[in-house]
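Visitor: Please take a close look at one part of this model, the contact between the chains. I should like a connected account of that contact and of its surroundings.

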Amino acid sequence: MSTQQSRFHVPAPPFRPGDEPDFSNLDLQKAGEAKRPDPLIEGFETRDLALGLIGVLDHNHQAVGEWDPKLSPEAMREGLSHMVLTRIFDDRMLKLQRQGKMSFYMKSLGEEAISVAAAMALRDSDMLFPSYRQQGLLIARGRHLVDMMCHCISNSRDNLKGRQLPVHYAWKEGNFFTISGNLGTQFPQAVGWAMGAAMKGEDQVTASWIGDGTTAEGDFHNGLMLASTYRAPVIFNVVNNQWAISMYQGISKGEAPTFAAKGLGYGLASLRVDGNDFLAVHGATQWAAERARKGGGATVMELYTYRADAHSTSDDPTKYRPKTEGQIWPLGDPIERLKQHLIGLGEWDEKRHQALETEMTALVTKAYKEAESYGTLHDGPLAPTHSMFEDVFAEPDWRLRRQRQDLGV
Amino acid sequence: MPTKNMIQALNSAMDVVLDRDDDVVIFGEDAGYFGGVFGATQGLQKKYGLDRVFDAPINEAAIVAMAIGMSAKGLRPVAEIQFADYIFPGFDQVVSELSRIRYRSAGQFTTPVTIRTPCGGGIRGGQTHSMSPEAFFTHIPGVKVVMPSNPYDAKGLLIASVESDDPVIFFEPKRIYNGPFNGVPDAPLTSWATHPKGEVPDEHYTVPLGKAEIVRAGSELTIVTYGTLVHVAQSAAEKAGIDAEIIDLRTIVPYDMETIAASVNKTGRVIVAHEAPRTSGFGAELIAQIQEECFYALEAPVARITGWDTPYPHAHEWAYFPGQERFIRTMKTVMEA
């Protein structure tokens, strides 16, 4: 029978609920194998890096190869601590959502290295345009846990005055841009910010994050295209956690070999990085930041990882993927891998790790008690109702003043 | 005083703001070296340099997003969308981002962006060079919507828009770029040089946002309109011999209800007029508000003169465009009611 005919093709994931997942055939470049070129290399010369996988921590949890950022044990312990705190924070917030204390939550389980390592590789003055699953950026930049929680429970101390869904943080002081529910819009905005910084003569890099699913939005193209045109100092992170709610990454990746490869067509430096390898994410982010700061322009970085938990508190992943898929995912767990690396160096042990977890759990519990003292969504106090009419414009016009009177607040 | 057409007035406004504020940047498709397809940015790149006035890729969503990022960083971008008909690829960035960033960040980030875009029909522009999409934008909390009707206002309103800390969608009726238009298709061209509002100072001045102007005082009937139809209404009122008070809104959102209500309460009769299609056009909002505020003063049903609920046609342009005849007919109907 002839196969020489056009045919409608709908990509499907290899495994569905009930299947026994098996990734033994997944061909991923080994840690340490990728070359680390000069950061000012021409974008099109990064083809091998876009198709390969930059890794530092090998199967024995040793740091190998040219991308090792050679961090001090103190810096690695700090990274580990931020990742553990991010995970414990997420766990606590999920419980609170289940207890009805907040309306909604989104965890970043399994993706903690992507945000924490990036934040630590960048300068605090660099501008972040995140999506909704990079809470580790806030943790690593030292945002007060109480403030994060007050936002999530929309109470009287929520710095967004109860106007946004939980996890849609905004923190200007920490150079963390306001998160939008509209996917991908921040990619081209990050370019505008970077151009503004360059125009003002500031040595500021901007970094933005979207997921694999969002690369299908026009704003993915728009961001890369603008950065390509204006050679803006931007780092575009594509967090490929394999899943966009229920849709596996092939739905948005299509025929491209990798998400990183999409950057090559724009002439941008393009890297695929082991997203569960703290040291690889750190090393690659440093490289991209150096490239941006030296005028080399933007980098597209695919962070290869796995969304280990549900998309959100409104989602049940057992309806579309095998329960065990995350457990056998070949890149493992980012916290466990850095932990084992530090243990191997003699810079960490199980006892200290347990102590760290206990300390972080206590920190989160204490923070929540304090956050709750400023009110909860259900029981208040909230921001004053009249504040609902503020910040639409710099000054409310007559319509807003009248509507506020109509409501009697 | 020097006379300018609208293009020259807009060019002068941008020259003034570029000169006064280093944070002002101007960009759009063909807006840099070439100076814009209508010439509005002519000479500005040469005078201020490539990093202040530059060409942008053909991507309206990217143009708006870039302006948002720049403005949040502290610049004052003036972005050009070549035709208002092509603003829709950027609609998500306007609706979901530009308009809400101050609100959703509780004032931490602000977006003082001005988006200039030529609008309106009467130029044989067909479906995609004639639209008046202002009503789509008046329904978005957080953006201001402006449309000048003459060179003096064009410059003053544009400077006020750029200096405003709120985002502004600035619609420019291209039919009247070169001279006022009375709505008669084959009428000889008149130049702004013969119109009092064609006198435009070279220096900085503003026309305040949110303030309408009574361009013709009258006692029998109020006509609320903006853009090209301001001139059509004036000419039609003279021809019909009706003592109409004609209000040029200038700012569509937030509209100047005080001026409208004072006029309607005096005349008792009112027509709202715009080029855009009727259903859910901005006229509907004006009529609803006039009904709420002026019900007991009204002596006739409020009438509206608008484009039809069809896409903007090419061959039948003059049956579509609200010209003098429709104005005169509607004015008579309202006066007789």
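Guide: Helices and strands are named here as DSSP runs numbered from the N terminus, a helix being a run of H or I of at least four residues and a strand a run of E of at least two. The model is predicted.

With those names in place, the account can begin on the approach to a helix of chain A. Val167(A) is located in the loop that runs between α5 (145–152) and α6 of chain A. Its phi is near 70°, a positive value in a residue that is not glycine. Most residues other than glycine have a negative phi, and most peptide bonds are trans.

The contact itself draws 44 residues from chain A and 48 residues from chain B. Chain A and chain B bury about 3600 Å² between them, and carbon and sulfur atoms account for 62% of this area. On the side of chain A, the most area is lost to chain B by Met199(A), Phe393(A) and Trp398(A), which together make up 17% of what that side buries.

Polar and charged pairs also cross the contact. Between chain A and chain B, 22 residue pairs are in polar contact, counting pairs with both residues at pLDDT 80 or more. Three salt bridges are found across the interface of the two chains. Arg402(A) pairs in a salt bridge with Glu293(B), and their closest N and O atoms are 2.7 Å apart. This separation satisfies the cut-off, because a salt bridge requires a side-chain nitrogen of Lys or Arg within 4 Å of a carboxyl oxygen of Asp or Glu.

Which elements of chain A give two or more residues to the side that touches chain B? They are α6 (186–199), α7 (218–230) and α14 (398–407) of chain A. The largest share of that side comes from α6(A), with eight residues. By residue class, the side of chain A that touches chain B holds 20 nonpolar, 13 polar and eleven charged residues.

The surroundings include a pocket to which both chains contribute. The largest pocket encloses about 680 Å³ of space. Of the 28 residues in its lining, Arg399(A), Gln403(A), Thr138(B), His139(B) and Glu285(B) lie nearest the centre. At least two lining residues are supplied by each of α14 of chain A, α6 (134–138) of chain B and α10 (282–294) of chain B. The largest share of this lining, six residues, is provided by α14(A), a helix that also gives two or more residues to the side of chain A touching chain B. The pocket lining divides into 16 nonpolar, seven polar and five charged residues.

Closed spaces are a separate matter. Three cavities of 30 Å³ or more are found in a search of the whole structure. The largest cavity has a volume of about 60 Å³, and residues of chain B that line it include Cys119(B), Glu134(B), Met147(B), Tyr226(B) and His274(B). Four nonpolar, five polar and two charged residues make up that lining.

Two cis peptide bonds may be noted in the loops. In chain A, the bond from Gly380(A) to Pro381(A) is cis, with omega near -5°, and Pro381(A) is found in the loop between α13 (350–372) and α14. In chain B, the bond from Val253(B) to Pro254(B) is cis, also with omega near -5°, and Pro254(B) is in the loop between β10 (251–253) and α9 (257–267).

Finally, the salt bridges may be placed in the context of the whole structure, which holds 43 of them over all chains. Within chain A, Arg141(A) forms one with Asp124(A), the closest N and O atoms being 3.8 Å apart. This pair joins distant parts of the chain, 17 residues apart: Arg141(A) is in the loop between α4 (135–140) and α5, and Asp124(A) is in the loop between α3 (112–121) and β1 (127–129).

Note on methods
Residues numbered from 1 in each chain as written. Chains lettered and ligands numbered in written order. Heavy atoms only, no water. Contact = heavy atoms within 4.5 Å. Buried area = accessible area lost by both parts, 1.4 Å probe. Polar contact = N/O pair within 3.5 Å; in protein donor to acceptor, adjacent residues only side chain to side chain. Nonpolar A, V, L, I, M, F, W, Y, C, P; charged D, E, K, R; others polar. 1 Å grid on protein atoms, 1.4 Å probe; cavity = no way out; pocket = protein on both sides within 12 Å on 5 of 7 lines; lining within 4 Å. Points joined across faces, edges and corners; volume = space filled by probe spheres on them.
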